[in-house]
Amino acid sequence: MSKDFARIEEFLERIAAALERRSPRTESGADMAPASADVFVWEAEDARLMPVAQVAALPLVLLKGIDNARDTLYENTRRFAAGLPANNALLWGARGMGKSSLVKAVHAEVNRQSPRKGRLALIEIHREDIVSLPLLLRRLRPVDRRFLLFCDDLSFDRDDTSYKSLKAALEGGVEGRPANVLFYATSNRRHMMPRDMMENERSTAINPSEAVEEKVSLSDRFGLWLGFHQCGQDEYLAMVMGYAQYFNLALKQDELRERAIAWAAGRGGRSGRVAWQFIQDLAGALGKTLN
């Protein structure tokens, strides 16, 4: 009988330990976002922020062909970090043109020019965790620090209702967006909804205009709309030349130009991503590291 009780007790202890591991930890403001880190990833399952030791961010000066978007987003972020009013931003448009790279580069540059005490924290929240955004905002509201929330490649498919959580969290909820939080998102779609989804709503709804308005009104929560478009050959080559000079990749300009054009032709298009992939290939061929 005693052995049975021992097994039951051991079983209950395992259950308790499993529940403890799955339960969100109660953290203080300092624990939520320690000052020793500037970049975090939101882990919705455990309701906690994980510090990121090394961030894949390029220097802001290397981002070519997006001057207007670069300057606008930098100034908006600088104001927010300084405690001034600023807008949520939606970076939308062509793939591979530096939308997410710009967010990370702007954050790094603003922090580089800020005193240690006033450094801005960047928190990446994954698309599938958007439903947990209200919880994250409640956790961040009392923390004595400013936060830039970032969701990369944000879009919503048919029958996906999680966009309503984002709408409420940004501006529409009773609590409203905390004053110490700003939200940046990137998307290939201006309204973050597929066109066939919007057209289906228009064709089947009793009041088509109201049905579509419900779907597209999400983008209205972003005060800044920054569009990114496919680059031409001159812009593409400017990106390549800028990278090559910054990383000291010694190659004659005519040869660099010729190889860069051939690389883009092989990829079937030009973009900031294609330029960076070419530079990685070139650096490897030259036996150079990109540090």
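Here a student and a tutor talk through a predicted model of one protein chain.

Student: What makes up the protein chain in terms of helices and strands?
Tutor: There are 11 helices and seven strands in the protein chain. The chain has 291 residues, and buried residues make up 42% of them. The chain exposes about 16100 Å², and carbon and sulfur atoms supply 49% of that area.

Student: How do you know which contacts in the chain link residues 24 or more positions apart?
Tutor: Take the contacts with a separation of 6 or more. Residues 24 or more positions apart account for 76% of them.

Student: Why is Asn111 called buried or exposed?
Tutor: The cut-off for buried is under 20% relative accessible area. Asn111 has 2% relative accessibility, so Asn111 counts as buried. Asn111 lies in helix α4. Leaving aside neighbours within four places in sequence, Asn111 is in contact with Asp38, Arg119 and Leu120.

Student: Why is Arg112 called buried or exposed?
Tutor: Exposed means over 50%. Arg112 stands at 61% relative accessibility, so Arg112 counts as exposed.

Student: What makes Arg112 and Glu109 a salt bridge?
Tutor: The rule asks for a side-chain nitrogen of Lys or Arg within 4 Å of a carboxyl oxygen of Asp or Glu. Here the closest N and O atoms are 2.7 Å apart, so Arg112 and Glu109 form a salt bridge. Both residues lie in helix α4 (residues 99–112), three residues apart, about one turn of the helix. Glu109 has a relative accessible area of 16%, so Glu109 is buried.

Student: How do you know that Glu255 forms a salt bridge with Arg259?
Tutor: The closest N and O atoms are 3.4 Å apart. The limit is 4 Å, so the pair counts. Glu255 and Arg259 both lie in helix α10 (residues 253–267), four residues apart, about one turn of the helix.

Student: Why is Glu255 called partly exposed?
Tutor: Partly exposed lies between the 20% and 50% cut-offs. Glu255 has a relative accessible area of 36%, so Glu255 fits. Arg259, at 31%, is partly exposed too.

Student: Which residues are joined into one network by salt bridges that share partners?
Tutor: Asp38, Arg119 and Arg145 are joined in this way.

Student: How do you know that Asp71 forms a salt bridge with Arg70?
Tutor: Their closest N and O atoms are 3.0 Å apart. That is within 4 Å, so the rule is met. Asp71 is partly exposed, with a relative accessible area of 43%. By this rule the count comes to eight salt bridges.

Student: Why is one face of helix α5 said to be lined by its buried residues?
Tutor: In α5 (residues 133–140), Leu133, Leu136, Leu137, Arg139 and Leu140 are buried. Seen down the axis, the buried residues fall within an arc of 160 degrees, so they line one face of the helix.

Student: Which residues have the most contacts inside the largest nonpolar core?
Tutor: They are Leu73, Leu102 and Tyr236, in a core of 48 residues. Apart from it lies another core, of 30 residues, among them Ala33, Trp42, Leu49 and Leu166. In soluble globular proteins, nonpolar side chains tend to be buried together.

Student: What is Tyr236 in contact with, leaving aside its neighbours within four places in sequence?
Tutor: The partners of Tyr236 include Cys231, Ala260, Ile261, Trp263 and Phe278.

Student: How many aromatic pairs does a search of the whole structure find?
Tutor: It finds five.

Student: Why is the pair of Phe183 and Phe222 called tilted?
Tutor: The centres are 6.1 Å apart, and the limit is 6.5 Å, so the rings pair. The planes meet at 50 degrees. Under 30 counts as stacked and over 60 as edge-to-face, so this pair is tilted. Phe183 lies in strand β6 (residues 181–187) and Phe222 in the loop between α8 (208–216) and β7 (224–228), so the pair ties together parts that are 39 residues apart in sequence. Phe183 and Phe222 are both buried.

Student: What makes the pair of Tyr246 and Phe247 edge-to-face?
Tutor: The angle between the planes is 85 degrees. That is over 60, so the pair is edge-to-face. The centres are 5.0 Å apart. Tyr246 is partly exposed, at 44% relative accessible area, whereas Phe247 is buried, at 8%. Tyr243, Tyr246, Phe247 and Trp276 form one aromatic cluster.

Definitions and conventions:
Residues numbered from 1 in each chain as written. Predicted model: local features only at pLDDT ≥ 70, side-chain atom pairs only at ≥ 80, totals over all residues. Heavy atoms only, no water. Buried < 20%, exposed > 50% of the residue type's maximum accessible area, 1.4 Å probe, protein only. Helix = DSSP H or I, 4+ residues; strand = E, 2+ residues; numbered from the N terminus. Arc of directions from axis to C-beta. Contact = heavy atoms within 4.5 Å. Areas by Shrake-Rupley, 256 points an atom, 1.4 Å probe, with all protein chains shown as cover. Core = buried A, V, L, I, M, F, W, Y, C linked by side-chain atoms within 4.5 Å. Phe/Tyr/Trp six-rings, centres within 6.5 Å; stacked < 30°, edge-to-face > 60°.
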